[in-house]
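Reader: I'd like to go through this one feature by feature. Could you give me the general idea each time, and then the case at hand?

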Amino acid sequence: MGDRKEPVAVLRSWKVTLIEVLSMDPSPVLQLCDSKSLLTRQQYRQIKATQNPCEKITSLLDIIMDKGNEMTGVFLELLKALQEDYPRLAGLPGSSDVVRDLQTAIEKHKHCVIADNEKLVEYNSLPWESVPISERYTPLLMVRSQQPFEDQVHELMRRGSRQKTAVVTNRSEVSLDDFFHPDQDLHQPKCLILLGVAGVGKTTLVQKLMVDWAQGRLYPEHFDFVFCVKCRELNLLPGKQSLVDLLLLNYSHLDPSIGEILKRPDKILFVVDGFDEFRFSIGQPLHELCRKTDEPSAVDNLLASLLRRRLLPEACLILTTRPSSLEHLKDMKPDGCFEIMGFPEEHREEYFQRFFTDEMVAAQAFQHIQENEVVYTMCYIPVFCWIVCTVLKEQGKFGNDYPQTATEIFVHFLIISMKYHHSSGQTDLMACLQKLCKMAARGVQENRIIFYPDEFKEAGLELRDVTSLFCQEIFVKEVVGTCTVYSFIHLTVQEFLAALSHFICEDDAYSIFTREDYFWNRPTSSLGNLSVTFRFLFGLTNPSSQKLLARHIGTLSPAATARANQWLQKKIGDYTTHSWNGSTFLNLLYALFEKNDPEVTKEVLATADKVVLSRVTLSKVDCLIIRKVFQQGDLPSNLKLNLGNGDVSDGLHVLVPVLHTFGIILLHNTQLGDEGVVLLCPALQRADCRITFLDLMYTGITDEAMPGLAAAIAQNKSLQKLNLLHNKITDKSIPHIEHMALKCPTLETVVLNNLFSKEGRQHLENLTSVKSGFHVQWTRYR
């Protein structure tokens, strides 16, 4: 805040207190302002005529601040002459010393914030290596999230493909500047949630926010103070702490002023970073929550009091968390929610160019990764982009032997990470890796990504051995307060090692196979980390991956491999005899994709009679997986694909190359719309199309889509029944319905609702006399 803004900012921050003090007797301050010509005669008369004392002072202060910083500064100096009339003005901004002290505290705080946040430590950098955040920060795509507590799909596999959809639909792109703008009802938001999957850049964004605020580029008129509270630090605090104690731990430079600062909460922003790392609950009864800033309390109660707006409710708050931890925030009442969607596509290429020093190599690497749509889509996460680039750089060439699945990528990444191992024997290597994998599995089970030094000791690990083994490729080290904490460089690395524990650890109390029913019997959206861990597990049964790992860490357990294969075979058999829900079958498809064994896939598809993916929101990545699995096998001629009652808008275009191989396709209640119909047409036009029944009931189709649909069906040689029930199709579409009925030799039935005129209905029914065996089935429109 510059010098010209100081007086107005100070007066605004003291406004509530001054209204309370001066409204006890408004006359002295009004008379002084009048005698010093701070008010016009008209302004003075209007204020005098106001009956309510609080309104008198409110009007006075508003007029003074509207006059600018020079006049406001004069007013602040005049206040010290009124201390006999208002004893409580002692210590308030009536003296230049108090004004100067407050401004000094603000400037000192900004200086310290810049010093603490201006450097960015990149992945696997040495402790002394850092770069200015202004040089390295890559903008991230952020959108508004409409229903944060109902959207807990898996973190890595789903969100990358939603970037375009999120922006194109009602979730508009936003920036940090937009966070505290009033909504359409002119409501000023105070409490916000910032979502982001692990590794997508939440903490870096917070670091950027702190620097931008301290340098005057962000919220210059909103906040005098911004405080960052890290949840991983709260986990380490002993005993009871007050909010004052907590803030002074990180901001000791504010010790003389912290009490006065907290008396003006409307000028404070709290940024609570990493709620998903918090070890405790915030579900305390309301009567246990504290309301005073100097009241000592347990850290869980203190954080709950802040987040649930019992402590300093006038302050603004931003909380960052992973989506999987939203269920623990149900007691919080946010005014809005934003989500970090990661690198936009244009910034992924920029990242490759920055990683590879040679522009030609960078272009070749990026082109190669673009050809692998699954991996490319997951590159929306900055750290995953780094992992992929690391593997590509190590290989030194971009051929057909490049890893195709997530499991294969992490197998290569693990081997690269271990190449710097300084131990003399493989036994030490395997022993250390076994213990590390057990820690990873335990963290996955308990939904934790932060590990403390005492946990390494409990696992029988020496920190020097772990850092020697992996040379900081696997772990991120961070000093929090006076303690050092560790995390895997990305959640997915932890999930991979948790899966690997099944193959290299014996009698593991945290074996993920103790949760097998949990995996198969619950929807993907509620699995959290376990869903990806299981997919890695099946990927690790792939013979090529096992052979590669064997050269570096020894042979993976044949018994564990057999057990995983038998388990998968059993679940495949269960699917052919039982009705599974869509999420469960999707897990099976992911397992088959990661296993990457065409023979097993063909065996599964040969015995299937239906593919039930109903009531599931399918992302682009989901659809890529589905397509690649189906392309590996020979589908039965009348296989049914049920996508009904779900959402396939993100990835229908991805499925088009395999849709023609199904006998029955059910898309009812999917809000396909006219654009979705356009995507279906190429599949219907293929000479080898097998589709006999296409269900488009309740899909939002209008007359606009009918010319294209009719033209495609006219070229079809397999379709027997078309259900267009409960769509907005009227007499305008009669020529197109007639065209496809007469041109498609196999079409026998078209199901329509009663939106047609009497003449239109009669015209369509007369088609029976032109084409024997054809009829229109009418149903009353509801």
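Author: Happy to. Let's begin with a helix pair: R348, E349, F352 and Q353 in α15 meet A362, A365, F366 and I369 in α16. By class, that contact of α15 with α16 has five nonpolar, one polar and two charged residues. Keep in mind that this is a predicted model.

Reader: How do I describe the geometry of such a pair, and at what angle do α15 and α16 pack?

Author: Two packed helices are described by the angle between their axes and the distance between the axes. Here α15 (residues 345-355) and α16 (residues 359-371) pack at about 140°, and their axes are 8 Å apart. Angles over 145 degrees count as roughly antiparallel. α15 and α16 are therefore oblique to each other. As for handedness, α15 passes α16 in a right-handed crossing.

Reader: On to sheets. What is the strand order in the open sheet that contains β11?

Author: Strands of a sheet pair through backbone hydrogen bonds, either parallel or antiparallel. This sheet has seven strands in the order β4-β3-β11-β5-β10-β8-β6, and its pairing is mixed. At the edges stand β4 (173-174) and β6 (225-230), each with a single partner strand, so one side of each has no neighbour in the sheet.

Reader: Which way do β3 and β11 run, parallel or antiparallel?

Author: Antiparallel: four bridges join β3 (residues 141-144) to β11 (residues 336-342). To find the register, look at M142, whose bridge partner in β11 is I340.

Reader: And how many bridges join β6 to β8?

Author: Six, and β6 and β8 run parallel. C228 stands opposite V271 in β8. On to β10: β8 pairs with β10 in the parallel sense over four bridges, and the bridge partner of V271 in β10 is I318.

Reader: Where do the side chains of β8 point?

Author: In a regular strand the side chains alternate between the two faces of the sheet. In β8, I268, F270 and V272 point one way, while L269, V271 and D273 point the other way. All of these are buried, D273 included. That fits the overall count for β8, where six of six residues are buried.

Reader: Which helix lies across β3, β5, β6, β8, β10 and β11?

Author: That's α10 (residues 202-214), which runs at about 160° to β6.

Reader: Which residues of α12 are buried?

Author: An α-helix has 3.6 residues a turn, so residues three or four places apart point the same way. In α12 (residues 243-250) the buried residues are L243, V244, L246, L247 and L248. Their cover includes β6, α11 (231-234), β7 (240-241), α13 (258-261), β8 and α14 (299-307).

Reader: Now backbone oddities. Which residue in the loop between α10 and β6 has a positive phi?

Author: Most residues other than glycine have a negative phi, and most peptide bonds are trans. Y219 has a phi near 55°, a positive value in a residue other than glycine. Y219 sits in the loop between α10 and β6. At 6% relative accessibility, Y219 counts as buried.

Reader: What about R615, is that residue buried or exposed?

Author: Exposed, at 64% relative accessibility. R615 also has a positive phi, about 60°, although it is not a glycine. Look for R615 in the loop between β14 (610-612) and α30 (620-631).

Reader: Let's try a loop residue with distant contacts. What does P189 touch beyond its sequence neighbours?

Author: Leaving aside neighbours within four places in sequence, P189 is in contact with F179, F180, H181, P182, C316 and D335. The C-alpha atoms of P189 and G336 are separated by 7.1 Å, although the two residues are 147 residues apart along the chain. P189 lies in the loop between β4 and β5 and counts as buried at 7% relative accessibility.

Reader: Finally, what is the pairing in the open sheet that begins with β14?

Author: Parallel: seven strands in the order β14-β15-β16-β17-β18-β19-β20. β14 and β20 (775-779) are the edge strands, each pairing on one side only. Neighbouring strands of this sheet are turned by 10° against each other on average, direction ignored. Within it, three bridges join β18 (residues 721-723) to β19 (residues 749-753), and L722 stands opposite V750 in β19.

Definitions and conventions: Residues are numbered from 1 along each chain as its sequence is written. This is a predicted model: local features need pLDDT of at least 70, side-chain atom pairs count only at pLDDT 80 or more; totals for chains, interfaces and linings use all residues. Side-chain values use heavy atoms; hydrogens and water are left out. Axes are lines fitted to C-alpha atoms, for helices over the stretch in contact, and angles run from 0 to 180 degrees between N-to-C directions. Helices (H or I, at least four residues) and strands (E, at least two) are DSSP runs, numbered from the N terminus. Angles under 35 degrees count as roughly parallel, over 145 as roughly antiparallel, 65 to 115 as roughly perpendicular and the rest as oblique. A crossing is left-handed if the near helix is turned anticlockwise from the far one by less than a right angle, and right-handed if clockwise. Contact means heavy atoms within 4.5 Å. Ala, Val, Leu, Ile, Met, Phe, Trp, Tyr, Cys and Pro count as nonpolar, Asp, Glu, Lys and Arg as charged, and the others, Gly among them, as polar. Two strands pair if DSSP finds at least two bridges between them. Buried means under 20% relative accessible area, exposed over 50%, partly exposed in between (1.4 Å probe, protein chains only).
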